[in-house]
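Q: Please take a close look at how charged side chains pair here, and go on to any sulfur links. I am in my first year, so please explain each term as you go.

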Amino acid sequence: MKAAAIKLILVSLAILAAACAHENRFKKASPEVQAKTNMQLSIEYMKLNQMAESRDAIERALTQAPGSAEVQMTAGIVYERINDVPKAERAYSTMYRLKKDDPNIGNAYAGFLCRSGKTAEGEKLFEAVAKSALYQTPEVALTNAGVCVSTTGDLVDAERYFNRALAIHPNFPEAMLQLGSIEFQRGDAAAARDTVQRFLAVNPPTPEVLWLGFRASRKIGDNSGAAAYARRVQAEFPSSEQAQMLRSGIDR
């Protein structure tokens with residue numbers, strides 16, 4: 001047998017031995033450690049959009065550590081991604097029951113409630129999270145509450161939440177963007193463009209805010225301003241959905 005072939009076999013055997021050793025260490029680990037490993041594996045599969053593998057990994061983690069709020073939250077996200085609503089609801093509610101005093105967990109559960117149509121419950125929980133002394137970013141929960149109620153068409157309440165968020169953190173980008181969007185929806189394109197300009201003065205640009213600036217400028221008849229925003233979208237975010245819409249002649 002040639003030396004090169006022998007070397008290849010030896011390398012393959014070394015890799016196999018290392019894999020077996022890793023597998024043996026994994027089997028000896030506590031269920032909690034195994035669950036964390038499978039949870040991380042599920043997240044990595046989800047990033048690759050390999051959802052069957054992600055589901056299998058998180059279900060192993062659920063078997064190993066059903067009392068982990070983090071595992072239950074990841075399971076909720078995975079099941080929601082594959083549109084298995086009953087299992088997602090069970091995982092999220094279990095997560096909240098296990099760690100309801102954690103405002104980050106409350107924020108995650110409120111988000112699910114809103115996405116599943118239970119907006120009143122979600123809004124109430126976002127309010128509670130924002131008031132928690134343990135929660136260090138109440139502007140996030142208030143902005144989430146505004147997004148939640150806006151799905152019902154209640155633009156007045158939504159705007160109130162965004163302004164409350166901005167009273168706490170005046171430059172919070174998501175609240176500024178959402179406020180501008182609400183202003184545009186209720187027909188005040190001039191106010192929306194002012195909000196875009198304030199956003200860009202204190203935050204890095206995003207395709208969403210430049211798109212809003214483009215639409216607001218067009219609405220008030222400022223064609224040169226609209227063209228400037230359009231150029232920025234295409235130059236700075238050429239792969240964005242907004243740039244694609246501009247190339248397709250869509251300006252909704």
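A: Let us begin with one residue: Lys-118 is partly exposed, with a relative accessible area of 31%, where buried means under 20% relative accessible area, exposed means over 50%, and partly exposed lies in between (1.4 Å probe, protein chains only). The model is a predicted one, in which local features need pLDDT of at least 70 and side-chain atom pairs count only at pLDDT 80 or more, while totals for chains, interfaces and linings use all residues. Residues are numbered from 1 along each chain as its sequence is written, and side-chain values use heavy atoms, with hydrogens and water left out.

Side chains of opposite charge can pair when their charged atoms come close. Lys-118 takes part in a salt bridge with Glu-89, their closest N and O atoms being 2.7 Å apart; the term stands for a side-chain nitrogen of Lys or Arg within 4 Å of a carboxyl oxygen of Asp or Glu. This pair links distant parts of the chain, 29 residues apart, with Glu-89 in helix H5 (residues 85-98) and Lys-118 in the loop between helix H6 (103-115) and helix H7 (119-131). Helices (H or I, at least four residues) and strands (E, at least two) are DSSP runs, numbered from the N terminus. Glu-89 counts as partly exposed because its relative accessibility is 32%.

The whole structure holds 12 salt bridges, among them one between Glu-159 and Arg-186, whose closest N and O atoms are 3.0 Å apart. Glu-159 lies in helix H9 (residues 155-168) and Arg-186 in the loop between helix H10 (173-185) and helix H11 (189-202), so this pair ties together parts that are 27 residues apart in sequence. Glu-159 is buried at 16%, whereas Arg-186, at 41%, is partly exposed. Together with Asp-188, these two residues are linked in a network of salt bridges.

Another salt bridge joins the side chains of Lys-47 and Glu-44 (3.3 Å, N to O), and both residues lie in helix H2 (residues 31-47), 3 residues apart, about one turn of the helix. Lys-47 counts as exposed because its relative accessibility is 62%, while Glu-44, at 40%, counts as partly exposed.

Turning to sulfur, the structure holds 1 disulfide, that is, a pair of cysteine sulfur atoms within 2.5 Å. The disulfide joins Cys-114 to Cys-148, with an S to S distance of 1.9 Å, and with -95° about the S-S bond the link is left-handed. Cys-114 lies in helix H6 and Cys-148 in helix H8 (residues 138-150), so the pair ties together parts that are 34 residues apart in sequence. Both Cys-114 and Cys-148 are buried.
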